[in-house]
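This briefing concerns the overall make-up of one protein and the packing of one pair of its helices. The points are grouped by topic after a short lead.

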Amino acid sequence: MKVTNPQSSSVVMDRTTTGVATMATRLETVYERVHHLANGNAVVVFSVSGCCMGHVAKQLLLGLGVGPTVVDLDRETAGMEIHALLYRLAAGNEQQQPVPAIFVGGKFLGGIETLIACHINGTLVPLLKDAGALWL
């Protein structure tokens, strides 16, 4: 028996297999969704509603005149899988938390620490301009 997610073409559960192929298909679809969001928007913030650091990231960007696309993972059907993918992206930095995760110009910038560091050292505004998020 197969149960499919109506919002994606992936198979969520397949009781006739071991689940390995199904999980790979699901992760591939999650990766494609994150990739599509990151490349289709100048700035994307993946967070969890009520997260104070996600709020700080959004307020910093809004204060600079950038309207980021915000994805609250606790309100997404594939939120847990997206969170797991972001955790893997942040794995290169042992101190990096998986959310908030900020993408600028289709590239993974990092978390709140990286965002604030770029703002302090003056590299954030040029990144935002290059991504098309700022025009001035």
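In this predicted model, residues 24 or more positions apart account for 53% of the contacts in the protein that have a separation of 6 or more. The secondary structure comes to five helices and six strands, and one pair of helices, α2 and α4, is described in detail below.

**Overall make-up**

- Read from the N terminus on, the elements of the protein follow the order β-β-α-β-α-β-α-β-β-α-α.
- The protein has 136 residues, of which 36% count as buried.
- Its accessible surface comes to about 8100 Å², and carbon and sulfur atoms hold 58% of that area.

**Geometry of α2 and α4**

- Two packed helices are described by the angle between their axes together with the distance between those axes.
- Helix α2, covering residues 52-63, packs with helix α4, covering residues 112-121, at an angle of about 30°, and their axes lie 10 Å apart.
- Because angles under 35 degrees count as roughly parallel, α2 and α4 are described as roughly parallel to each other.
- The crossing in which α2 passes α4 is left-handed.

**Residues at the α2 and α4 contact**

- On the α2 side, the contact is made by Met53, Val56, Ala57, Leu60 and Leu61, which meet Ile112, Leu115, Ile116 and His119 on the α4 side.
- Sorted by class, this contact of α2 with α4 has eight nonpolar residues and one polar residue, while no charged residues take part.

Definitions and conventions:
Residues are numbered from 1 along each chain as its sequence is written. This is a predicted model: local features need pLDDT of at least 70, side-chain atom pairs count only at pLDDT 80 or more; totals for chains, interfaces and linings use all residues. Side-chain values use heavy atoms; hydrogens and water are left out. Axes are lines fitted to C-alpha atoms, for helices over the stretch in contact, and angles run from 0 to 180 degrees between N-to-C directions. Helices (H or I, at least four residues) and strands (E, at least two) are DSSP runs, numbered from the N terminus. Angles under 35 degrees count as roughly parallel, over 145 as roughly antiparallel, 65 to 115 as roughly perpendicular and the rest as oblique. A crossing is left-handed if the near helix is turned anticlockwise from the far one by less than a right angle, and right-handed if clockwise. Contact means heavy atoms within 4.5 Å. Ala, Val, Leu, Ile, Met, Phe, Trp, Tyr, Cys and Pro count as nonpolar, Asp, Glu, Lys and Arg as charged, and the others, Gly among them, as polar. Buried means under 20% relative accessible area, exposed over 50%, partly exposed in between (1.4 Å probe, protein chains only). Accessible areas come from the Shrake-Rupley method with a 1.4 Å probe; for residues, only the protein chains shown count as cover.
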